[in-house]
Amino acid sequence: MTKKINVKAYCPVDYAFQRIGGKYKGRILWSLKDDVLRYGELKKTIEGITPKMLTQTLKELEADGLIFRKVYLEVPPRVEYSLSETGVELIPFINQMSAWAEKQMALIKI
């Protein structure tokens, strides 16, 4: 079932960056490309992110249909995050951006 996302976009590029832009969204998606991760694992993986920002970003990615959140009814509670099919479709593009960035960083010696 496809959920209607209420977004005003001026062009496809604008739409794409509204969904995956920002400081942490791409990094979270990239971290989930190979694994299902729990909140604490994501917190350790995404350097510099605060708990509030991680929670907010995960909610946005879930609302956009890019990740799944699975809650296990156990004590203590366990929550796992994984890429949705739509999120998986983004990985080749994020990989291309990563390759481009590596090349640019090497040119300016970062």
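Let me begin with Y10, which sits in the segment before α1, the helix that spans residues 12–20. In this predicted model, Y10 counts as exposed, at 67% relative accessibility. Its C-alpha atom lies 15 Å from that of G21, and the two residues are 11 positions apart in sequence.

From there I turn to the chain as a whole. It contains 5 helices and 3 strands. Read from the N terminus, the elements follow the order α-α-β-α-α-β-β-α. Along the principal axes, the C-alpha atoms fill a box of roughly 50 × 35 × 25 Å. The chain has 110 residues, and 26% of them count as buried. Its accessible surface is about 8200 Å², with 59% of that area belonging to carbon and sulfur atoms. As for contacts with a separation of 6 or more, 47% are made by residues 24 or more positions apart.

Next, the sheet. The 3 strands form an open sheet in the order β1-β3-β2, with antiparallel pairing. Strands β1, residues 37–38, and β2 are the edge strands, each pairing on one side only. Between β2, residues 67–72, and β3 there are 6 bridges, again in the antiparallel sense. A hairpin connects these two strands through 5 residues. To place the register on the structure, please find V71, which stands opposite V79 in β3. Please find also Y72, which stands opposite R78 in β3.

R78 leads us to the salt bridges, of which the count is 4. Which side chains meet that of R78 in salt bridges? One is E74, with an N to O distance of 3.0 Å. Another is E80, at 3.1 Å, N to O. Through these shared partners, E74, R78 and E80 are joined into one network. The three residues can also be placed by accessibility. R78 is partly exposed, with a relative accessible area of 21%. E74 is likewise classed as partly exposed, at 36%. E80, at 18% relative accessibility, counts as buried, because the limit for that class is under 20%.

A further salt bridge joins the side chains of K25 and E60, with 3.3 Å from N to O. K25 belongs to helix α2 and E60 to helix α4, so this pair ties together parts that lie 35 residues apart in sequence. Is K25 buried or exposed? At 8% relative accessibility, K25 counts as buried. Its partner E60, at 31%, counts as partly exposed.

I now come to the interior. In soluble globular proteins, nonpolar side chains tend to be buried together. Here the largest nonpolar core has 20 residues. Which residues have the most contacts inside this core? They are I28, L29, L32, L42, L58, I67 and Y81. Four elements give two or more residues to the core: α2, residues 25–31; α4, residues 51–63; β3, residues 78–83; and α5.

L29 is a useful residue on which to centre the view. Leaving aside residues up to four places away in sequence, L29 touches I20, L61, L66, I67, L83, L90, I91 and I94. Among these partners is I67, which appears with L29 in the list of residues with the most contacts inside the core.

Finally, the surface towards the end of the chain. Which residues make the nonpolar surface patch of about 450 Å²? They are M105, L107, I108 and I110. Within this group, I108 lies in the segment after α5, the helix of residues 85–107. I108 is exposed, with a relative accessible area of 59%.

To close, I would ask you to keep three places in view. The first is the core, with L29 among the residues that have the most contacts inside it. The second is the network of E74, R78 and E80, joined by salt bridges that share partners. The third is the nonpolar surface patch, of which I108 is one of the members.

Terms used
Residues are numbered from 1 along each chain as its sequence is written. This is a predicted model: local features need pLDDT of at least 70, side-chain atom pairs count only at pLDDT 80 or more; totals for chains, interfaces and linings use all residues. Side-chain values use heavy atoms; hydrogens and water are left out. Patches are made of residues with over 30% relative accessible area and no salt bridge: like charges are joined within 9 Å, nonpolar side chains (Val, Leu, Ile, Met, Phe, Trp, Tyr) within 5 Å. Accessible areas come from the Shrake-Rupley method with a 1.4 Å probe; for residues, only the protein chains shown count as cover. Buried means under 20% relative accessible area, exposed over 50%, partly exposed in between (1.4 Å probe, protein chains only). A nonpolar core is a set of buried Ala, Val, Leu, Ile, Met, Phe, Trp, Tyr and Cys residues joined through side-chain atoms within 4.5 Å. Contact means heavy atoms within 4.5 Å. Two strands pair if DSSP finds at least two bridges between them.
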